[in-house]
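Reader: I should be grateful for a close look at one helical part of this model and at what packs around it. Please treat the packing residue by residue, in connected prose.

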Amino acid sequence: MKKNHHQAISFSLLVMTACAIIVTTIVILYYTALESEKRNLAVLANIQSNLLDAYAEGGVDTRTGVADLTSLRSRLIDVIETQKTFGDSGEFVLGFREGDNIHFAFEHRFGPSGIPEEIPMDNTWAEPMRQALMANRGAIVALDYRGHEVIAGYSWSRRFNIGVVAKRDLSEFQKPYVQAFMLCISISVIICMVSWIFVRKLNRVMIQGVKKTRELLEATFDSINDSVITINSEGIIQYANKSTVALFGYDINELLGNNISIIMPKNHRDMHDDYLRKYLVTNKPNIIRRAVDFIAVKKDGARFPIKLSVSESTSLEEVMYIGVIRDISEEKHLQRSKDELNKELQRSNKELSKFAYIASHDLRAPLRGIKTTAKWVEEDLGDNVDPEIKDNLQLMQNRIERLDTLLDSLLNYSRVSTEERQYEKVNVRELLEDVVFVVCDDNVTVNIQCNDIEIYTVRVHLQQVFQNLIDNAIKHHDELIPIEITIYIRNEKDSIWCSVKDNGCGIPLEHQKKIFEVFQRLVRRDEVEGTGIGLALVKKLIELHGGDLEVHSVPPVRGTEFCFFWIKERG
């Protein structure tokens, strides 16, 4: 509200300043017009004195002057009546000196009683006439023969030895300026009063609005699960919502008016007060407009972690700081559990990789022995071997090779998450052409729809994904029609969208989730060669690079499409 009072005072001062300027202008105009009026009256007095001298030079009898003065009087009266700028109180006065007294020549516009018979020369009245009878010419503001203050121009007729005065009442001249001055003062007073009344009413409206807004804000803050605390620049708590009371265990009256350090550990209290003082001086924030983690203390002394966000408000009567406090004890607990699980997972992955390597190494030694022994048996039997035995020996050799391939696939699958990744710039189209050249023979038609796209990624991972998807499409094709595979790549802002589509027999809906599990096969191994790890490895590699693999197939409609996003890394 102080701000509104300041605005009202400023507005009143502005109005008063404007009025002062107007009054000053009126005063300047008044004195300018006064000097102009004095010059005009001096000119009129000179004209009349020159007129008297002209009568004298034209043969007027200056000794008697009876007839001629009557004529002269008529002439002067005509001048008075026709002189419109002379005002309601303007007149010409003729006088002569007799001894130490001033005598006037004839009656004037104010009637016979308006002129005294004589006025002493040393009297303060009739100052303009006294100056004229002293043979002076000019203008003056002084008392006339009535004792009224007038503006008068005076002159001297040397032929008649009389003074001529052209005058008007000063009050008449001042009247419009006084009226303007009073009008200006009245307007300024009225404006100040109206503005003050308006501001008071506005203040009441604003007070009611602020009250309603405060109630609404308090109701809003009370509905928030987080603690909300408002402090002033000295760290004194001005407001706390219900969640604050529930969180810290204090009564609301125990919080309001206390320093915010009441909810801080003892070793942080002095630091907080020092920080506030430094911020008010330097305006360099440390925690303001940021979310930071702190330790808070409840009324019973229990410590717990919090997330604190502080904002500054300067729209109120003083600087205020609003803090939002969230108890992150559960989050910290979950984070610790997560970290422990990640450590356990990393340990498990390392052990799995180690196990896969050891298993692969340890199994290969007897496997090679079995393979060699089977070969020796086949050689020893020679060409006279029974056909059934020969088929069994060949089946043994095939199973041994399949087991060897399975060990390689299992080892590769276990190493995906733990092996070091070598990032490099990869031209996607060139990579696809290389994969197609290695995997496909002349019986497979591959249509690559890809522009010249370069991304920063792990080449071997992307290569394994496309190699396994294309190999899977070829292996599981029923060959009722020629094999056709379409590869479409679309460049996105942060990724590439990839699609590998074949024209095979499709995958039933109930099996579309199983195909990504390790060792899951839809046909027998004797019908289609494979380890059952290929698609599981594809899914793991795509997810490792932030993507997601989808399969689209609706038998009996032919064709299966694998779609995925491959996230670009920043080189």
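Author: Helices here are DSSP runs of H or I with at least four residues, strands are DSSP runs of E with at least two, and both are numbered from the N terminus. The model is a predicted one.

I begin with the final helix to be discussed and its partner. Helix α12 spans residues 534-544, and its axis comes within 9 Å of that of α11, the two crossing at roughly 145 degrees. The crossing of α11 and α12 is left-handed. On the α11 side, the residues that meet α12 are His461, Gln464, Val465, Asn468, Leu469 and Asn472. Their counterparts in α12 are Gly534, Leu535, Leu537, Val538, Leu541, Ile542 and Leu544. Within α12, Leu535, Ala536, Leu537, Val538, Leu541 and Ile542 are buried. After α12 comes Gly546, which has a positive phi, near 85 degrees.

The partner, α11, runs from 459 to 475 and is also among the elements that cover the buried residues of another helix, α10. Helix α10 comprises residues 428-439, 12 in number, and its first and last C-alpha atoms are 16 Å apart, close to the expected 16 Å. At its N-terminal end, α10 is capped by Asn427, a side-chain oxygen of which lies 3.2 Å from the backbone nitrogen of Arg429. The buried residues of α10 are Val428, Leu431, Leu432, Val435 and Val436. Viewed down the axis of α10, these buried residues fall within an arc of 135 degrees, so they line one face of the helix. On the other side of α10, Phe437 and Val438 are exposed. Besides α11, the cover over the buried residues of α10 includes the strands β12 (423-427), β13 (444-449), β14 (454-458), β15 (483-491) and β16 (495-502).

One residue in this cover merits separate attention. Ile485 lies in strand β15. Because its relative accessibility is 1%, Ile485 counts as buried, the cut-off being under 20%. Beyond its neighbours within four places in sequence, Ile485 is in contact with Val444, Thr445, Val446, Asn447, Ile470, Ala473, Ile474, Val500, Lys501 and Asp502. Of these, Ile474 is 11 residues from Ile485 in sequence, with a C-alpha to C-alpha separation of 8.7 Å.

In summary, α11 meets α12 and also belongs to the cover over the buried residues of α10.

How values were computed:
Residues are numbered from 1 along each chain as its sequence is written. This is a predicted model: local features need pLDDT of at least 70, side-chain atom pairs count only at pLDDT 80 or more; totals for chains, interfaces and linings use all residues. Side-chain values use heavy atoms; hydrogens and water are left out. The expected span of a helix is 1.5 Å times one less than its number of residues. Buried means under 20% relative accessible area, exposed over 50%, partly exposed in between (1.4 Å probe, protein chains only). The arc is that of the directions from the helix axis to the C-beta atoms. Contact means heavy atoms within 4.5 Å. A polar contact is a pair of N or O atoms within 3.5 Å; within protein, one must be able to donate a hydrogen and the other to accept it, and residues adjacent in sequence count only if both atoms are side-chain atoms. Axes are lines fitted to C-alpha atoms, for helices over the stretch in contact, and angles run from 0 to 180 degrees between N-to-C directions. A crossing is left-handed if the near helix is turned anticlockwise from the far one by less than a right angle, and right-handed if clockwise.
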